[in-house]
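The following paragraphs lead through the structure shown here, beginning at its surface and salt bridges and ending in its interior.

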Amino acid sequence: NARVLGTCAALTREKDPLTLIQAVHRLHQSYPDMVFLHFGADGAVGEEARQEVSRLGLENVFKFMGFNPHIEDVYRLLDVFVLTSRKEALGSSLLDAFIYEVPAVATEAGGIPDLVTEDRGWLCPIGDAQAIADACEWVLRNPQLAQEKVQTAYRWVREEHGVEQMLDRYEQFYGKS
């Protein structure tokens, strides 16, 4: 019955794993049975992130999973996908969360607000661990209501980012249609 949350992000300042760890620490107070899976390459703040997990006593909660070439299999395990970027061009891992029908909580960085709108997920201020924890808790406490946003996100990603739609756009852009 454990709650499984996760992310797919490198351990870099731009992806802000330290705020993520703080949010998990706060959420863990309400959900002691939860586990957080952090998938992604090591990076400049990897050691600092591991030390923060240890300092907060989250070794059995926050798991550094490293890079996974079959990450699509992991989305099926998640109750919530979280992306805490400080800078982000697109946030393609959010599109993956949408296609695998996982509730998405993300920060308002870069292009993320174009993807995660009010009807497709939960947006939080950059660097606000409490807001991120609160959004995740809302999803966990209201799974049926969360599914409404999940289904809207799923339909949107299929309609806007499906292979046929993208091919049509490329052909229109390059004048081949």
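**From salt bridges to core**

Arg55 is exposed, its relative accessible area being 58%; exposed stands for over 50%, buried for under 20% and partly exposed for values in between, with a 1.4 Å probe and protein chains only. This is a predicted model, in which local features need pLDDT of at least 70, side-chain atom pairs count only at pLDDT 80 or more, and totals for chains, interfaces and linings use all residues. Residues are numbered from 1 along each chain as its sequence is written, and side-chain values use heavy atoms, without hydrogens and water.

Arg55 forms a salt bridge with Glu52, with 2.8 Å between the closest N and O atoms; the term requires a side-chain nitrogen of Lys or Arg within 4 Å of a carboxyl oxygen of Asp or Glu. Both residues belong to helix α2, three residues apart, about one turn of the helix; helices are DSSP runs (H or I, at least four residues), as are strands (E, at least two), numbered from the N terminus. Glu52 is buried, at 15% relative accessible area.

In helix α6, Glu137 and Arg141 also meet in a salt bridge, at 2.6 Å from N to O. About one helical turn separates these two side chains because they are four residues apart in α6. Glu137 is buried at 18%, whereas Arg141 is exposed at 53%.

Lys15 and Glu88 form a further salt bridge, their closest N and O atoms lying 2.7 Å apart. This pair links distant parts of the chain, 73 residues apart: Lys15 is in the loop between β1 and α1, and Glu88 in the loop between β4 and α4 (92–99). Glu88 is buried, with a relative accessible area of 15%.

The interior comes next. The largest nonpolar core has 30 residues, and Leu5 and Val105 have the most contacts inside it; such a core is a set of buried Ala, Val, Leu, Ile, Met, Phe, Trp, Tyr and Cys residues joined through side-chain atoms within 4.5 Å. Elements that each supply at least two of its residues include α1 (17–30) and β6 (122–124). The largest share, eight residues, comes from α6.

Strand β4 has partners on β1 and β5. Strand β1 (residues 4–8) pairs with β4 in the parallel sense over two bridges, pairing being defined by at least two DSSP bridges between strands. Leu5 stands opposite Val80 of β4. Three bridges join β4 to the parallel strand β5 (residues 104–107), where Ala106 is the bridge partner of Leu83.
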